[in-house]
Amino acid sequence: MPALLVAGAIYVLFFLSGAAALVYQVVWVRSLTLVFGGSHLAVTAVLSIFMAGLALGGYAFGRRADRARRPLRLYGLLEFGVAVFALVFAGLMKVYPAIYVALASGRDADAVYLTVVRLLFAAVALIVPTTLMGGTLPVISRVVSRQPDTLRRHLSFLYGVNTFGAVVGAGLAGFVLLRLYSVSATLLVAVAINTFIGLACLVLPEPGVAAVPDSAARTVPTEGAGPDETGMGGALARKDLLPLRLVLWGIGVSGFCALGYEVLWTRVLTIAVGASVYGFTIILVAFLTGIALGSAAYGALVRTARRASPSPARVAAWFGATQVVIGATALLATIFLRDIPANTVRLQNVLGDGVISFRERTWANFLIAALYMLVPALFMGAAFPIAGEALALRRKAVGRAVGDVLGTNTVGALLGAAVSGLLMIRWFGIEASLEMLTALNIGFGLIVLASLRRPRWLTAGAAGLTLAAIGVLAVNPGAARIWDRKYFAIFRSNQPEAFATPAMVKEAVENTDVLYYAEGVESIVSVIRVKGGEQAFVTNGRVEASSHLQAQQVQYTLGYLPALLARDPKDVFVVGMGSGMTAGAAAMMPSVDHVTIAEIEPKVLGVARTFAAYNHRVLDNPKVRVVINDGRNFLMTTGRKFDVITADPIHPWFQGAGYLYASEYFGLASAHLRPGGVIAQWLPIYELTPLDLASVVRTFQRHFPYAMMWLEHYDAVLVGSATPFRIDERELERRIADPAIAGDLQRIDMGSASDLLDFFVMGTAGMARFGRPGVLNTDDRLYLEFSAPFSIATPAVMAENVEAIAADREGILPYLKPAAGASDLALQRAWSAAQLSAGRAGDRVLARYLAGEGSDPRFEPVLRRLNLDYPWYAPGKFLMAQYRDAMALQPRLLQASSLMLSAGDGAPVVADMAAVLVPVSRTRASIMFVDNRAKVVYGQLYVDDYARSGFPERFALEVMGAVRAAYESAAAAARSQRQALPPAAQTLRHIREVIASNIQRAQPGS
């Protein structure tokens, strides 16, 4: 077989190896976090073992590669080994949960103990296959590179090709394999790839590679010029040793910084690209693409130059300069991250007008991620082959040089991911942490460059300056602050229309108060409040909860409803703290003695404190205990059982949250419910398709044979139990009437038994019909996590879901305790029939409202008819209140005047000047003076208590009077000069000055 064809085949095989490796990483992390929990600490423990194995393999097989007489065969055996131990991993996943539960039970608060257990379990499962993976690069480098002086022509392409394979593997796993197939099938795809590579290596002829004598491979470098300290035929000078040793340390520093950047950039980028599985995949693909391109570009540059092998000093200088450039470009990326919300909105507007498709949103997100990460990643990719070249000059052994570089780089990466994600964010914040990493990158590059010069104090000076810069940032993290944290706090990626222009951003900042902001280990969280309006909890740029009445309704329902339906609720378990309203409602039930809340992000506790007025100060309630842990993992490891299990609203498309909608979770919850216990599950009908809803319903009913669905404004709540529901209306009325909870429920139109039951939409029979077409959502086939993001920012699904649910609506009578006596039973049946009739009528009206018809004048009569026909129907009353609130916030014309003007060419133009009241909240509004025809804003004034003061009307009349007076003055001047109309530019400039002057006088304190 021609040598060129063999070489090409080897590169293809190494590309496939990179693809398989990323598929394994995704699958292994998913599988182990199901056992250990999805907290950042648990994920870091798994990734630490993964990277430790890669480092160990690089060190160990790097030395073995130089002694191998058939390195291609050795490489094939490594790939075979990875496939075999991947299957062993799959077997371990069958027995791990039971063993882990036995060891972790009752130790949920002992983070050190649990981390040690997780590390041990991960090591047993991963250390062998990852060690074999780590050996592939040094061995394949030995296959294609006969001597150290030829390594520079091959390593960059090998590393680049392998990383391009990783890009493809990450994309395939995140967008195709796990979305369309199961986790186990995805694992088998990677196993098949490794097996194919192994077989191909046995078939391909071995390239002519001369083995390095054992003595040379085992030689340990000394300070003098030894056998392995020779370069291209000559001895290395003593002055060259320090720079080359610094290069080896430097590739570890480079790995530390690279993974630190990735972790920290990812945290900020999720504000823009979202926290779905696709968002994280996009960020990873963009980062790896940069590294692959950088390595390949360096290889192309080396081949194009066609120069003799460089001196050791020159290679060290290249490495040092590369580190400086990485740090400088990373600093620029960090600076420009301050504008990421605005840039995201601009890019989405370019790619799509208004609502954009999933594909357009994905490309926009990829471009955003690449915009910030690609350039620094390019130089990170070039740093690896440069370091390999430097070490080859020193070692005169291909495999050992590559193995040492890989091992050191991976150890650095391991520490970078752990230290940045677990410690730096917590101690210094994201921005200061990024600045510290850039200081380290630039500083170490300068240290390497200084080591090439005399005197040696330059090296010490560079080191001292680096430590000083890092120390200043550590002591005062805000010393070099660039970002506007308020902007980050208020940005909502699901409401991009509020940030479409700089003027709108300024308006949003001016009209929003930040009550709380924190950068946690798991996410960025904030609490904001529109001035005079409601407050909202934002996580990773996404509104999770608010004090709006619709949000209060669903959160109180999740807390109260399962407790009201449970036989004897005493112990309650809540997954997620959120605003605290769900847990606070459960804690208000008089019969409840204990409420356990599992929250994965400690910073969310600060969020709950800002909602104290709505959650009954839940964190100060002696009944309440908070556990910082993954909710599902806590439930898996606790021996306790509960009367109620519920969860705060958690979006199923958040990466990892899909496991809270899986069959295994519902089975776990069912096993932890006491007899007569009830579970509640939230369903957002505004960002799931009817098939997604059906998937959850079908999966839920698999473990709760008795179930009901309750439909609210744009949310649904499922309740389930192992015992049949027979609702005693009198007992329900008694529980609701308790003063501790009556106020909450009355505020959301659920203040009586009949009002609460009006929100019932279907029971066990109806849900069985509704869920029939749904896909069973399991840990192995996590359909929902990959399906749900497709309907994000798709308003049409709300009406579609209401219509789909309405098709299976049923009467509540079969789920009520039959009334005693014939007359009472007849009344019960009549009421149930009326409730069903009202529900069907209400479904049609709600669907129309959610379809966007609320602003249509023809909608209000329809809504009024619903309330006239069924004045007692609680959902109708609630919808009417929401409609009136929405209409009250619609812009209102105060004054208008059309001005005839003359354009520069003498043609007549019309300026449609208007004063418009634009409410920001119930008590705050903007009086805007605009040219409706030209769509130009001439000025605006914010006013409070606008609805009662009468000031907006008086001010608009006064200013528009001044505008007309200015126009009349300009018209008179034009007539005096025998012009038919006043000049547009001059007149409008004067009008703008008149408006600005009036606004200035009306400002408070003027």
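# A guided tour of the predicted model

The structure holds 24 salt bridges. Because this is a predicted model, every contact described below is a feature of the prediction. The tour begins with several of these charged pairs, then moves to two sets of strands and ends at the surface.

**First stop: D643 and R674.** Select these two residues and display their side chains, which meet in a salt bridge with an N to O distance of 3.0 Å. The pair links distant parts of the chain: D643 belongs to strand β8 (residues 642-647), R674 belongs to strand β9 (residues 673-684), and 31 residues separate them. D643 is buried, at a relative accessible area of 8%, whereas R674 is partly exposed, at 30%. Now add D571 to the selection; D571, D643 and R674 are linked in a network of salt bridges.

**Second stop: D728 and K817.** Here too the side chains meet in a salt bridge, at 3.5 Å from N to O. The two residues are 89 apart in the chain and both sit in loops: D728 between β11 (715-721) and α25 (729-736), K817 between α30 (796-806) and α31 (822-850). D728 counts as partly exposed, with 27% relative accessibility, and K817 also counts as partly exposed, with 45%.

**Third stop: E953 and R892.** Select this pair next; the closest N and O atoms of their salt bridge are 3.4 Å apart. E953 lies in helix α35 (residues 951-976) and R892 in strand β13, so the salt bridge ties together parts of the chain that are 61 residues apart in sequence. The relative accessibility of E953 is 34%, which makes it partly exposed; R892, at 40%, is partly exposed as well.

**Fourth stop: the sheet that contains β13.** From R892, extend the selection to the whole sheet. Four strands form an open sheet in the order β13-β14-β15-β16, with antiparallel pairing. At its edges are β13 (892-902) and β16 (936-944), each of which pairs on one side only. On average, neighbouring strands of this sheet are turned by 10 degrees against each other, direction ignored. Helix α36 (residues 984-1002) packs on the sheet and touches β13, β14, β15 (924-931) and β16. The direction of α36 makes about 10 degrees with that of β16.

Within the sheet, show the backbone of β13 and β14 (residues 908-919), which pair in the antiparallel sense over 10 bridges. Strands of a sheet pair through backbone hydrogen bonds. To locate one bridge, select L899 and its partner in β14, A911.

**Fifth stop: the hairpin of β3 and β4.** Select strand β3 (residues 535-539), which pairs with β4 in the antiparallel sense over four bridges. Among the residues to label are V538 and its bridge partner in β4, V543. Two residues stand between the strands of this hairpin, and N540 takes a positive phi near 50 degrees. Is strand β4 (residues 542-546) mostly covered or exposed? Strand β4 is mostly covered, with five of its five residues buried.

**Last stop: a nonpolar patch.** Switch to a surface display and select V168, L172, V176, L180 and Y181. These residues make a nonpolar surface patch of about 390 Å². L180 is found in helix α5 (residues 155-180). At 40% relative accessibility, L180 counts as partly exposed.

Conventions:
Residues numbered from 1 in each chain as written. Predicted model: local features only at pLDDT ≥ 70, side-chain atom pairs only at ≥ 80, totals over all residues. Heavy atoms only, no water. Pairing = 2+ DSSP bridges. Axes fitted to C-alpha atoms, helices over the stretch in contact; angles between N-to-C directions. Contact = heavy atoms within 4.5 Å. Patch = residues over 30% accessible without salt bridge, like charges linked within 9 Å, V, L, I, M, F, W, Y side chains within 5 Å. Areas by Shrake-Rupley, 256 points an atom, 1.4 Å probe, with all protein chains shown as cover. Salt bridge = Lys/Arg side-chain N within 4 Å of Asp/Glu carboxyl O. Buried < 20%, exposed > 50% of the residue type's maximum accessible area, 1.4 Å probe, protein only.
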